[in-house]
Amino acid sequence: MITDLWYKNAIVYCLSVEGFMDSNGDGVGDFRGLMRRLDYLHGLGITAIWLMPFQVSPGGDDGYDVADYYGIDPRYGTLGDFVEFTHAAKQRGMRVLIDLVVNHTSNQHPWFKSARSDPNSPYRDWYVWSKKKPKNAHEGMVFPGVQKTTWTYDKVAKEYYFHRFYNFQPDLNTANPDVQAEILRIMGFWLQLGVSGFRMDAVPFVIAEKGAEVGGTPVEHFNMLRTFREFLQWRRGDAIILAEANILPEDDKKYFGEDGDRMHMMFNFQVNQSLFYALASADMKPLVKALNATRPDYATAQWGLFLRNHDELDLGRLTEKQREEVFAAFGPDKSMQLYDRGIRRRLAPMLKGDRRMMELAYSLMLSLPGTPVLRYGDEIGMGDDLSLPERYCARTPMQWSNEKQGGFSSAEKTYLPVISEGAYGWEQVNVADQRRDPDSFLNWMERMIRTRQETQEIGWGAFEVVDVGHDAVLCLRYEWRNNVAVFLHNFHPEGVSVRFTLPAPEGEPNRLVNLLSEDHSQGDAKGRYELTLEPYGYRWFRMGGLDYAYRRTEL
């Protein structure tokens, strides 16, 4: 049993150590640079930092091809630097989550080198082999259009090995008890060094049955998830796992657990994709359907809500017609699309830098049922570099100032080029300039994050969708401990007037108190309201007297 549900009202910020801040001028971010920026993150209102992979790696998949689970890539610093970082984060009240990439390793990992070199190696069965090329070798690729097979012949082993991802990432045989035990050791190691949990990569593949004879829908071993959670809870009662699992809503309970005893959190891909369809079409009906279909059944279960992350915007769960509409709106050129299913752009250029739409999108994400997960640089509206391959276009260095290399590094050349031209170049988009501008997107985000943390009804309360009689307007009502919060968002490029009815909390007046401005709304004796929302407009309300705008509910 988890002892502290801190993640229910957290603000998670995903960053790459490599791309955040370079302290020694070698063109690569590092932990000492990251420590310099902890006060910035604390001031922004971040309560949990999610680190992308920083372990030893050849770098073929931006660190997701791990070659040593117990070491730090020397470019980023040492284990001592890491511990100093986790300690500094703790001092500021921020927790640290790290990527746990255990579906596969790098082909340069000592385990795989041993496994391929000797059929009697103790690590041979840590991977998945076949003497003959399986018939389904050209099915199930994670990166279609880039990846050609899931089975590759190894000349040293004289057998084919399985890799759901790139051919330099052989899959671990996660059904092997020794591999499962090693995964627990990896988790225990990093917990001891100060982390508060893990973002587990590719969870459906981790628990799936693997082998040459596996075809069709693979069998998934969900008890493995319970094993991971139990270990985590025994070692550190408030540690969590945030699962990356792009699954259908009917499978949610299998990952959260029949009794809420598996994953603590999962990313809500269904809501994410429907959200972008709503932004493209001004039709929020699929979004409402996704919200209702993904209601957690247990108090400990929580969704991670996001707009963009380090991968492509996966639209694979939309219908073909819906997907084409999103492509047309946000990624019309083939250079903007990836893997025949998604868009590889950052949010600001997708929305053409339209401040109204950017505010609408983030206001919506911050007020949806779950925990918001932000991507580094999105708080200032960073852009992308489409000249870079695949997903690297959205993994460029953080833009801190209008100085050389955007203030990220003093080096002449950085690990990826800092965006330096056009409307999203570091001369135009950076933290320093926006901090000085009270009307900047950064300062708007800081205010919204602070308001989100004070509105705990979102993270803890039960929600309902309120019918306002217009397909372009989403109205959500939360109730928790006799407090009621209401959020409206207009997806239409024109102003919209809506009417709706809301019962007030017992003993409170029929009044909606605006949390963001003085634009309050008074209902009639029957709790009926009429509001006009400007194009892409949004409202955050609490119900009751004026003091409700500032009331903090005791946990």
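Is Phe 500 buried or exposed, and what is its relative accessible area? Phe 500 is buried, with a relative accessible area of 4%. This is a predicted model. Its barrel is closed and has eight strands. The structure also holds 45 aromatic pairs. Disulfides number zero.

**The barrel**

- The barrel strands run in the order E1-E2-E5-E9-E10-E11-E12-E16, and their pairing is parallel.
- From one strand to the next, the twist averages 25°.
- Helix H14 (residues 355-367) packs on the sheet. H14 touches strand E12 (302-305) and also E16. The direction of H14 makes about 140° with that of E16.

**Strand E16 and its neighbours**

- Strand E1 (residues 12-15) and strand E16 (residues 371-375) run parallel and are joined by three bridges.
- Within this pairing, Cys 14 has Arg 375 of E16 as its bridge partner. Tyr 13 stands opposite Leu 374 in E16.
- E12 and E16 also run parallel, with two bridges joining them. Here Gly 304 stands opposite Thr 371 in E16.
- E16 is largely enclosed by the rest of the structure, because five of its five residues are buried.
- Both faces of E16 are covered. Thr 371, Val 373 and Arg 375 lie on one side, and all are buried. Pro 372 and Leu 374 lie on the other side and are buried as well.

**Aromatic pairs**

- A pair of aromatic rings is described by the distance of the centres and the angle of the planes.
- The structure has 45 such pairs. Phe 20 and Trp 400 form one that is edge-to-face. Their centres are 5.1 Å apart, with 80° between the planes.
- This pair links distant parts of the chain, 380 residues apart. Phe 20 belongs to helix H1 (residues 17-20). Trp 400 belongs to the loop between E16 and helix H15 (431-436).
- Both partners are buried: Phe 20 has a relative accessible area of 0%, and Trp 400 has one of 4%.
- Phe 500 and Tyr 529 form a stacked pair. The distance is 5.7 Å centre to centre, and the planes make 20°.
- Phe 500 lies in strand E20 (residues 496-501) and Tyr 529 in strand E23 (residues 528-533), so this pair ties together parts that are 29 residues apart in sequence.
- Tyr 529 is buried, with a relative accessible area of 2%. Its partner Phe 500 is buried at 4%.
- Ring pairs also build a cluster. Its members are Phe 31, Phe 54, Tyr 70, Phe 82, Phe 85, Phe 189 and Trp 190.

**Charges over rings**

- Trp 400 has a second partner besides Phe 20. The charged end of Arg 37 sits over the ring of Trp 400, 4.3 Å from the ring centre.
- Arg 295 places its charged end over the ring of Phe 463. The distance to that ring's centre is 3.9 Å.

**Cysteines**

- The disulfide count comes to zero. Cys 393 is in no disulfide, and the nearest cysteine sulfur is that of Cys 14, 15 Å away. A disulfide needs two cysteine sulfur atoms within 2.5 Å, so that distance is outside the cut-off.
- Cys 393 counts as buried, at 0% relative accessibility.
- Cys 475 also counts as buried, and its relative accessibility is 0%.

**Positive phi outside glycine**

- Asp 62 has a positive phi, near 55°, although the residue is other than glycine. Asp 62 sits in the loop between strand E3 (55-56) and strand E4 (68-72). Asp 62 is buried, with a relative accessible area of 14%.
- Asp 340 has a positive phi too, near 60°, and is likewise a residue other than glycine. Asp 340 sits in the loop between strand E14 (337-338) and strand E15 (342-343).
- Asp 340 counts as exposed, at 68% relative accessibility, whereas Asp 62 is buried.

Technical notes
Residues are numbered from 1 along each chain as its sequence is written. This is a predicted model: local features need pLDDT of at least 70, side-chain atom pairs count only at pLDDT 80 or more; totals for chains, interfaces and linings use all residues. Side-chain values use heavy atoms; hydrogens and water are left out. Buried means under 20% relative accessible area, exposed over 50%, partly exposed in between (1.4 Å probe, protein chains only). Two strands pair if DSSP finds at least two bridges between them. Helices (H or I, at least four residues) and strands (E, at least two) are DSSP runs, numbered from the N terminus. Axes are lines fitted to C-alpha atoms, for helices over the stretch in contact, and angles run from 0 to 180 degrees between N-to-C directions. Contact means heavy atoms within 4.5 Å. Rings of Phe, Tyr and Trp (its six-membered ring) pair if their centres lie within 6.5 Å; planes under 30 degrees apart count as stacked, over 60 as edge-to-face and the rest as tilted. A charge sits over a ring if NZ of Lys or CZ of Arg is within 6 Å of the ring centre and within 35 degrees of the ring normal.
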